[in-house]
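Trainee: Could you take me slowly through one part of this model, the empty spaces inside it and the residues around them, and then show me what lies in the neighbouring parts of the chain?

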Amino acid sequence: MMTTSLKTMICTAAMLTLGAGAAAAQTDEKLVVNGETEITTQAPAPAHLDGALDTIYSGWEFRSPATREVQMDDFDNPGMIFVDQARQVWNTADGSEGKSCASCHDDPAQSMKGVRAVYPKWNEDAQEVRTLEMQINDCRTNRMGAEAWGYTDKGMTSMVALISLQSRGMPVNVAIDGPAQSTWEKGKELYYTRTGQLELSCANCHEDHYGDMIRADHLSQGQINGFPVYRLKNAKLNAVHSRFKGCVRDTRAETYKPGSPEFVALELYVASRGNGLDVEAPSVRN
């Protein structure tokens with residue numbers, strides 16, 4: 001069992017690491033994809049942040065010039081490989097009903113436009129807040145008669161990327177009032193609760209220390225408008241809940257499962273912190 005003094009030493013070391021580098025200045029460069037789609041990467045903080053932040057910044061702002069450049073051209077963006085794979089699946093029948101995604105939704109460029117910008121969202125029929133992954137599996141099991149995908153499986157994350165792409169350049173506008181409010185409040189509580197042996201919360205890194213160095217990288221505000229994200233670190237497309245799981249693990253805490261009510265609530269809250277930033281997916285990060 002870790003002693004109190006050892007725990008304090010670890011926490012102190014972690015926070016010193018966070019503050020070791022000078023705060024990174026956000027870039028004056030504009031994110032323009034394929035020379036035609038300008039993405040909003042800085043915006044006034046939404047009112048519900050209660051003055052915690054004045055301005056919200058996309059994670060793109062904190063990356064190196066080389067990494068930022070990769071996202072500016074779909075030909076160079078490795079995440080587009082997974083989008084192309086999902087496009088094939090979109091048009092392929094699966095399940096006992098002999099249906100594909102296209103059977104109901106036709107061209108995703110039309111039917112899915114704007115969808116990513118408002119998710120997670122309240123589903124009246126199910127009486128719950130749903131993420132895109134939850135909605136995709138609902139379609140697969142109840143409309144297609146197909147097996148549900150694993151929450152962070154490659155096929156699922158690729159399909160989320162295809163759907164998210166259709167909202168690229170549209171502002172995030174996640175609703176947090178009405179029946180979704182209680183889930184949002186739960187997510188907010190999780191965001192500010194210190195956990196693990198390091199006793200760190202999401203806010204300790206992404207609100208208090210964004211722009212500072214942690215090991216060899218700059219901390220961002222933890223915005224999720226760019227997810228799914230192609231990470232150069234692991235050379236694959238990464239889902240939101242995979243990133244949450246990694247962050248909780250890094251606090252030396254027992255993490256929640258992807259798709260759990262806790263992570264759904266946290267996703268709703270974190271997504272709402274980015275209201276006003278544009279959808280970027282699939283983005284590229286370190």
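Mentor: What follows is a walk through the spaces, then a small sheet, and then some details of rings and backbone. Please keep in mind throughout that this is a predicted model.

Let us begin with the enclosed spaces. Rolling a probe the size of a water molecule over the atoms shows where empty space is left. In this model the count comes to two cavities of 30 Å³ or more. The largest cavity has a volume of about 120 Å³, and of the 13 residues that line it, Arg-116, Glu-133, Val-160, Val-240 and Glu-267 lie nearest its centre. Sorted by class, its lining holds nine nonpolar, one polar and three charged residues. The second largest cavity has a volume of about 40 Å³, and it is lined by Arg-116, Val-172, Ile-224, Asn-225, Val-270, Ala-271 and Gly-274. Here the classes are four nonpolar, two polar and one charged. If you compare the two lists, you will find Arg-116 in the lining of the largest cavity and again in that of the second largest cavity.

Next comes an open space, the second largest pocket, which holds about 290 Å³. Its lining is made up of 18 residues, and those nearest its centre are His-105, Met-112, Gln-135, Ile-136 and Cys-139. Helix H4 (101-105), helix H6 (132-143) and helix H7 (154-165) each supply at least two residues of this lining, and H6 gives the most, with six residues. By class, the pocket lining has 13 nonpolar, three polar and two charged residues.

Now turn to a sheet further along the chain. It is an open sheet of three strands in the order E10-E9-E11, and its pairing is mixed. Strand E10 (236-238) and strand E11 (283-285) are the edge strands, each of which pairs on one side only. Neighbouring strands in this sheet are turned by 40° against each other on average, direction ignored. Strand E9 (residues 229-231) pairs with E10 in the antiparallel sense over three bridges, and there Tyr-230 stands opposite Leu-237 in E10.

Two cis peptide bonds are worth finding beside these strands. One joins Phe-227 and Pro-228, with omega about 0°, and Pro-228 lies in the loop between strand E8 (217-218) and E9. Another joins Ala-281 and Pro-282, with omega about -5°, and Pro-282 belongs to the loop between helix H11 (261-273) and E11.

The backbone also holds residues other than glycine with a positive phi, among them Gln-127, whose phi is near 55°. Gln-127 sits in the loop between strand E5 (121-123) and strand E6 (128-130), and it counts as partly exposed because its relative accessibility is 48%. Glu-199, with a phi of about 50°, is found in the loop between helix H8 (181-192) and helix H9 (202-206), and its relative accessible area of 36% makes Glu-199 partly exposed as well.

Finally, look at the rings. A search of the whole structure finds 10 aromatic pairs. One of them is formed by Tyr-191 and Tyr-192, which meet edge-to-face at 5.2 Å centre to centre, with 70° between the planes. Tyr-191 counts as buried because its relative accessibility is 3%, whereas Tyr-192, at 34%, counts as partly exposed. Together with Trp-184 and Tyr-269, these two tyrosines form one aromatic cluster.

Methods:
Residues are numbered from 1 along each chain as its sequence is written. This is a predicted model: local features need pLDDT of at least 70, side-chain atom pairs count only at pLDDT 80 or more; totals for chains, interfaces and linings use all residues. Side-chain values use heavy atoms; hydrogens and water are left out. Two strands pair if DSSP finds at least two bridges between them. Helices (H or I, at least four residues) and strands (E, at least two) are DSSP runs, numbered from the N terminus. Axes are lines fitted to C-alpha atoms, for helices over the stretch in contact, and angles run from 0 to 180 degrees between N-to-C directions. On a 1 Å grid over the protein atoms alone, a cavity is a set of points where a 1.4 Å probe fits but cannot get out, and a pocket is an open set with protein on both sides within 12 Å along at least five of seven lines; lining residues have an atom within 4 Å of a point. Grid points are joined across faces, edges and corners, and a volume is the space filled by probe spheres set on the points. Ala, Val, Leu, Ile, Met, Phe, Trp, Tyr, Cys and Pro count as nonpolar, Asp, Glu, Lys and Arg as charged, and the others, Gly among them, as polar. Rings of Phe, Tyr and Trp (its six-membered ring) pair if their centres lie within 6.5 Å; planes under 30 degrees apart count as stacked, over 60 as edge-to-face and the rest as tilted. Buried means under 20% relative accessible area, exposed over 50%, partly exposed in between (1.4 Å probe, protein chains only).
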